[in-house]
Amino acid sequence: MNPLRLLKLIARNGRFAEPAPPAPPEDPALHLPSSLRGSVQVRHVDTGSCNGCEIELGAAFGGVYDVERYGARLVASPRHADVLAVTGVVTHNMVEPLLRTVEATPQPRVVIAIGDCARDCGLFAGAYGVAGSVSDIVDVDITVPGCPPHPAAIVAALRQVTGR
Amino acid sequence: MIDVFLVILQVLVATAITPLLVGVMRQVRARMEGRVGAGLLQPYRDVRKLLAKEPLRADGSSIVLIAAPLVLLVSSLMVIALVPLVTTAYLPSIPNDLFVVVSLLLIGTVALALLGLDAGTAFGGMGSSRHMMIAALVEPTVLMSVYALSIPVGSSTLSRIVLARGADVTRVVTPAGLLAVVALVVVVLAETGRLPVDNPSTHLELTMIHEGMVLESAGRDLAWLELGSWLRLTALLGLVVNLALPWGLADTAQPLALLIAVAALCAKLLVAGGLIAAAEVFMAKVRLFRVPELLAGSFVLAFLAVTASYLAG
């Protein structure tokens with residue numbers, strides 16, 4: 001794209017991000033590690049999702065909801081991650097990869113189950129390819145209900161961890 | 001003795017502002033993309049968090065996974081100590097010679113490449129091979145362009161070059177000087193893994209260079225790697241801005257001169273970092289096979305700079 005046109009677009013549009021909602025009240029029942037305050041790296045694990053939750057997760061990290069302003073960032077490796085964002089029911093083929101990903105994430109770590117499928121298998125409960133919900137396979141710290149959950153709900157869950 | 005004090009001060013100041021430099025670059029980019037950004041102090045929070053985490057190491061990985069981050073960090077700190085950033089003073093036993101600095105940079109480069117190979121993952125090896133290819137193209141250009149600046153001064157000691165350029169404004173705006181600085185900017189961007197050579201915020205393993213090599217590091221290993229690469233950025237960017245604008249550096253330990261030097265370094269570095277980040281918004285990463293063309297172009301500029309400084313003095 002022509003740099004001048006791009007510059008005009010930048011000057012005209014300014015900020016896309018919505019104003020920040022007030023920080024969600026701290027939930028004392030969650031027992032989140034305090035060393036993750038202010039900086040959280042997120043690794044996304046899709047264990048058998050329909051990609052609805054992926055779109056909402058993408059929106060949460062996009063310019064409008066902009067969860068990066070609270071200190072959360074997506075990373076490419078579970079070794080770099082503090083938070084595993086798991087979406088979808090856990091299919092038989094993804095049990096082992098999910099267990100290995102959790103094992104490859106250094107402590108202290110937080111597992112967030114995003115969407116109704118990850119929480120309680122949702123629509124797919126009892127289907128032949130499904131091994132269970134995320135909490136059947138690994139310990140889950142936070143769940144975000146919804147089919148798919150609203151990006152603002154995902155942002156609120158991540159803000160619980162970053163504390164910002 | 002006073003030289004040692006000045007060099008230690010330079011290392012402390014440069015290390016302290018390095019995360020701020022990275023924060024400014026990320027923030028400028030975020031604002032231009034219409035985001036809010038994580039704040040200028042986010043890199044400090046990232047490093048503090050990583051240091052508090054367990055350094056998980058893969059089964060079958062060797063001592064390299066532990067040692068390479070430390071080698072990279074120490075080599076970067078050495079480069080910071082040698083390059084004239086705050087002061088033109090240098091350690092009497094180690095000359096801050098151009099060739100010493102380039103060799104130290106190579107030690108860090110090789111440590112990173114070995115780290116990428118150590119865990120035996122596909123992306124690590126790919127990152128290492130690309131990293132070495134870029135290093136092989138970058139190092140001659142760094143040598144050539146600083147050599148072009150050293151010819152009129154008659155010394156390859158970086159402090160002397162900066163001092164001589166600062167003393168005589170006509171030296172800064174010669175054709176040779178300008179060509180050499182442009183060539184240096186291109187190779188510094190390549191060496192520190194910025195756009196258009198590498199994308200520091202990529203999640204796509206196939207396009208990774210730097211990120212690909214550090215995929216297997218966690219916790220404090222990763223903290224040292226991040227800090228080591230950021231310090232390289234500070235050192236190289238600091239060298240370029242001090243060659244382009246060779247004013248404000250302290251050569252004595254007077255408090256006022258030191259204060260001016262620290263302020264000048266911060267201002268020059270942060271403005272240069274902000275400009276690079278703003279330019280990156282308009283750029284896409286070039287295809288890997290086009291990177292040699294870009295770097296060959298900068299080598300030609302450096303070569304022209306050497307020729308010009310011989311012909312025009």
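Trainee: How many salt bridges are there between chain A and chain B?

Mentor: The count is five, in what is a predicted model.

Trainee: What makes the meeting of A:R79 and B:E216 a salt bridge?

Mentor: Their side chains come to 2.9 Å, N to O. The cut-off is 4 Å between a side-chain nitrogen of Lys or Arg and a carboxyl oxygen of Asp or Glu, so the pair qualifies. A:R79 also turns up with A:A76 and A:H80 as the residues of chain A that lose the most area to chain B, together 24% of what that side buries.

Trainee: And how much do chain A and chain B bury between them?

Mentor: About 2,700 Å², with 53% of it on carbon and sulfur atoms. As for contacts, 39 residues of chain A touch 30 residues of chain B.

Trainee: Over to the sheet in chain A. Why are β2 and β7 said to stand at the edges?

Mentor: Each has a single partner strand, so one side of each is left without a neighbour in the sheet. The order is β2-β1-β3-β5-β7, an open sheet of five strands with parallel pairing.

Trainee: How do you know that β1(A) and β3 of chain A count as paired?

Mentor: Five bridges join them, and pairing takes at least two, so they pass. The two strands run parallel, and one bridge puts A:R43 opposite A:L84 in β3(A).

Trainee: Which helix packs on that sheet?

Mentor: Helix α6 (residues 151-162) of chain A, touching β1, β2, β3, β5 and β7. Its direction makes about 165° with that of β7(A).

Key
Residues numbered from 1 in each chain as written. Chains lettered and ligands numbered in written order. Predicted model: local features only at pLDDT ≥ 70, side-chain atom pairs only at ≥ 80, totals over all residues. Heavy atoms only, no water. Contact = heavy atoms within 4.5 Å. Buried area = accessible area lost by both parts, 1.4 Å probe. Helix = DSSP H or I, 4+ residues; strand = E, 2+ residues; numbered from the N terminus. Axes fitted to C-alpha atoms, helices over the stretch in contact; angles between N-to-C directions.
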